[in-house]
Amino acid sequence: MSYNPSNPLIVQSDKTVLLEVENSLYEACRDSLVPFAELEKSPEYIHTYRLSPLSLWNAAASGVTFEDVKDCLLTYSKYDVPQNVIDDIQSYMSRYGRLKLRRDDVRLLLYSDDSYLITEILHSKQIRPFIMSQVDGHTLEIPADLRGRVKQALIKIGFPVEDLAGYVDGDRFEFGLRATTLGGEAFGLREYQHAACDAFWASGGITGGCGVLVLPCGAGKTVIGLGAMSQVQMSTLILATGVTAARQWKSEILDKTTITEELIGEYSGERKEIKPITIATYQVMTYRNRKAQIADDGSIENEFPHLKLFNAQNWGLILYDEVHLLPAPVFRMTADIQARRRLGLTATLVREDKLEGDVFSLIGPKKYDVPWRVLEKQGWIAQALCTEIRVPLHESARLDYATAGDRDKFRISSENPWKLVVVSRLISRHKDDNVLVIGQYIEQLEAIAETLGAPIITGKTSTTERERLYRLFRSGDVKVLVVSKVANFAIDLPDANVAIQVSGTFGSRQEEAQRLGRILRPKADCNQAHFYSVVTKDTKDQDYAAKRQLFLTEQGYRYEIMDGAPML
């Protein structure tokens, strides 16, 4: 490749990739880079990506080829791409599918064309305990009930297995998608929603039936879930983030499918119904029995009593909403049900606990990913203007901040009293809009709600009261709603067009994704949304805000930084 100083990319031998923001080719390069690289840092002028094994394996699983990756790097790089990087990319991407899980009449088999790889696996300390026998030079037999555990172990030693062992069919459950919703609106899957469902289902073959679909909040992930259910046509267990989200799933099912109410069960802290379509919450699934017994072998019996729901029905599909939030106990149970079809829905694959590899192994690899800005340009989600407003730390908090530890520094700067003044100014600016004020700390939110005269929803707010306030907000009777982190997930407020974030969960990218998503539903009149983050400058609050904003950069959003001092 010839030297081209006008290009925006620098590929380094340690597999970090630097991208110049102020370059005419920035957007095109970023869009080509995102499917296979992870964003690590995004300051103003140079963004840093990393080529990781998992990012490359997810790319390979979703149809990106080595040639696609190589062409991107060669096309946009300023300098020669180090040969070791090219070689490593090819090596990593070729690993996906070199090992395959297959099933003969009765046995679960681990197979590879490469007999040397089978020999290496056979001698691996991590894998050896799972091997029942060596069938031949290319095949090992493993226990069928340890399918998930083997996949987890293999990815940890650098060999993601392609699972072609197929699935058991659950109980048949036939239904259709409506052409017209109960509300009288025309309904049908959009082109990208069809594509996402088809990528998961793969015509019902063994290459389909498991995986993760990554789409923006507001892009209709629930609708995609209904589309996948209609392809499977079997009894389905849906796992949702909470009771409100579960009931929104039920409402969408009733509105857009021919499934009737008596066939839908809610399995939550409030109800324990098991029907052909059952919607459970992560909270109830991870309820811990304090009276659980310790067995003779030292294991804990009945520690998570509600996990038995996974086997309470002959499910044909298990659907994980917001799969990036999947709790560890549910991971463990999912490892034991690999013969069931599994679909994960999410706006971001980033997990704060770094268990993305377990999502890959146990739910399935990424099968479909559409950039937020692509759907924005097509009008399917609202255009978002992202603004960070930096305010000084209030004089009354400076001494406490100076003498506090790091964790307390973050809270003190997050609860900066000057933020209340800025929020009031923004509310005045957007008096005709539908505004969500979102934060982490309850005392801060209560003070904001009192000052604004606005209702507030926290974890202590009853489900009935939450639904009443959401209903008032949707109708326009309430224009400003103050919400804690309970509103981060799966809340359907389509008319919200302004979000003001006053505090967050440290550097959580997934939280940033969900909060931005609250205002991205397309608007009938002006398809414009505003996302404000009010941040205390030169403090821990600003440091963590920079980490959260990695998500905005990943999705192609630029955010304006404003000095909040003139607003005080």
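In this predicted model, the largest nonpolar core (buried Ala, Val, Leu, Ile, Met, Phe, Trp, Tyr and Cys residues joined through side-chain atoms within 4.5 Å; buried means under 20% relative accessible area with a 1.4 Å probe, protein chains only) comprises 65 residues, and Leu-213, Leu-215, Met-229, Trp-372, Leu-516 and Tyr-557 have the most contacts inside it. Helix α8 (residues 221–232) contributes the most to this core, with six residues; helices (H or I, at least four residues) and strands (E, at least two) are DSSP runs numbered from the N terminus. Leaving aside residues up to four places away in sequence, Leu-516 touches Trp-372, Ala-384, Cys-386, Phe-531, Leu-552 and Tyr-557, with contact taken as heavy atoms within 4.5 Å. A second, separate core has 27 residues, among them Phe-36, Leu-51, Leu-73 and Ile-86.

Residues are numbered from 1 along each chain as its sequence is written. Local features need pLDDT of at least 70 and side-chain atom pairs count only at pLDDT 80 or more, while totals for chains, interfaces and linings use all residues, and side-chain values use heavy atoms, without hydrogens and water.

Turning to the sheet, seven strands form an open, parallel arrangement in the order β21-β22-β20-β23-β24-β19-β25, where pairing requires at least two DSSP bridges between two strands. Strands β21 (456–457) and β25 (559–563) lie at the edges with a single partner strand each, so one side of each lacks a neighbour in the sheet. Two bridges join β21 to the parallel strand β22 (residues 480–483), and Ile-456 stands opposite Val-482 in β22.

How values were computed:
Buried means under 20% relative accessible area, exposed over 50%, partly exposed in between (1.4 Å probe, protein chains only).
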